[in-house]
Amino acid sequence: LSSISSEFEGMFASGMTEDTSGVVRVHGVSRSSFKGFLEWLYLSRTGAECKVADGRELWVLSEMYGVDLLQTWLVNSIDGSNLCAAYEFALIEEGDRSLIRQKCRQPEVDLSKVGEGDL
């Protein structure tokens with residue numbers, strides 16, 4: 001983890017609780033999203049865990065731990081099935097969500113999967 005994220009490196013080399021216990025406590029995200037995040041960190045690609053994780057929570061984790069490549073994958077995963085939720089998330093004034101907003105505004109996003117209930 002330390003080799004992938006400078007945030008983890010700092011935790012494990014600073015004498016903080018995480019360094020002495022080897023345990024990182026993460027609050028505010030679901031277990032499935034954190035498992036997806038760990039999958040990305042260890043494999044440097046998506047797998048079954050990432051695909052069932054909440055993309056918004058993955059984005060927050062990538063912000064917290066400085067994992068920019070995960071953000072790239074998330075932005076590239078925006079399509080008609082998640083466009084409305086992604087744009088709503090991008091409008092939250094927390095962190096830098098400009099990449100999400102840009103992607104959602106692109107005319108080439110496939111809107112065929114947007115359902116009436118999504119609007």
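# Notebook: aromatic rings, core and cysteines

I began with the rings, and the structure holds three aromatic pairs. One of them joins F34 and F37, whose ring centres are 6.0 Å apart and whose planes make an angle of 40 degrees, so I entered this pair as tilted, the class between under 30 degrees (stacked) and over 60 degrees (edge-to-face). I should keep in mind throughout that this is a predicted model.

**Entry on the ring cluster.** I looked up where the two phenylalanines sit, and found that F34 and F37 are separated by about one helical turn, because they are three residues apart in helix α3, which covers residues 31-43. Both F34 and F37 are buried. I then asked which residues the ring pairs link into a cluster, and I noted F34, F37 and Y65 as its members.

**Entry on I4.** From Y65 I went to I4, which is 61 residues away in sequence, while the two C-alpha atoms are 9.1 Å apart in space. I4 is placed in the segment before α1, the helix of residues 6-12. Is I4 buried or exposed? I wrote down partly exposed, because its relative accessibility is 39%, and that value lies between the limits of 20% for buried and 50% for exposed.

**Entry on the whole chain.** I stepped back to see the chain as a whole, and I counted eight helices and zero strands, which gives the pattern α-α-α-α-α-α-α-α when read along the sequence. The chain has 119 residues, and 32% of them count as buried. Its accessible surface comes to about 7,400 Å², with 50% of that belonging to carbon and sulfur atoms. I also looked at contacts with a separation of 6 or more in the chain, and residues 24 or more positions apart account for 51% of these.

**Entry on the nonpolar core.** In soluble globular proteins, nonpolar side chains tend to be buried together. With that in mind I looked up the largest nonpolar core here, which has 22 residues, and the ones with the most contacts inside it are F37, V67, L70 and I100. The elements that give two or more residues to this core are α3, α5, α6 (68-76), α7 (83-90) and α8 (98-104). I followed L70 a little further, and, leaving aside neighbours within four places in sequence, I found L70 in contact with F37, W40, L58 and S62.

**Entry on E57 and S33.** Which side chain does the side chain of E57 meet in a polar contact? It is the side chain of S33, at 2.6 Å. E57 is in helix α5, residues 55-65, whereas S33 lies in helix α3. I checked the burial of both residues: E57 counts as buried because its relative accessible area is 19%, which falls just below the cut-off of 20%, and S33 counts as buried because its relative accessibility is 0%. Not counting residues up to four places away in sequence, E57 touches G28, V29, S30 and S33. With the neighbours within four places again left aside, S33 is in contact with A53, D54, E57, L58 and L61. I also noted that E57 and G36 are 21 residues apart in sequence, with 9.8 Å between their C-alpha atoms.

**Entry on L83.** L83 is found in helix α7, and I recorded it as buried because its relative accessible area is 11%. Between the C-alpha atoms of L83 and R101 the separation is 9.9 Å, although the two residues are 18 residues apart along the chain.

**Entry on the cysteines.** A disulfide is a covalent bond between the sulfur atoms of two cysteines. How many disulfides does the structure have? The count comes to zero. C84 is in no disulfide, and the nearest cysteine sulfur, that of C104, is 8.6 Å away. Why is there no bond for C104? I reasoned that the closest cysteine sulfur, in C84, is too far for a bond, because the distance is 8.6 Å and a disulfide needs the sulfur atoms within 2.5 Å. Last, I looked up how each of these cysteines is covered: C84 is partly exposed, because its relative accessible area is 30%, whereas C104 counts as buried, because its relative accessibility is 11%.

Definitions and conventions: Residues are numbered from 1 along each chain as its sequence is written. This is a predicted model: local features need pLDDT of at least 70, side-chain atom pairs count only at pLDDT 80 or more; totals for chains, interfaces and linings use all residues. Side-chain values use heavy atoms; hydrogens and water are left out. Helices (H or I, at least four residues) and strands (E, at least two) are DSSP runs, numbered from the N terminus. Buried means under 20% relative accessible area, exposed over 50%, partly exposed in between (1.4 Å probe, protein chains only). Contact means heavy atoms within 4.5 Å. Accessible areas come from the Shrake-Rupley method with a 1.4 Å probe; for residues, only the protein chains shown count as cover. Rings of Phe, Tyr and Trp (its six-membered ring) pair if their centres lie within 6.5 Å; planes under 30 degrees apart count as stacked, over 60 as edge-to-face and the rest as tilted. A polar contact is a pair of N or O atoms within 3.5 Å; within protein, one must be able to donate a hydrogen and the other to accept it, and residues adjacent in sequence count only if both atoms are side-chain atoms. A nonpolar core is a set of buried Ala, Val, Leu, Ile, Met, Phe, Trp, Tyr and Cys residues joined through side-chain atoms within 4.5 Å.
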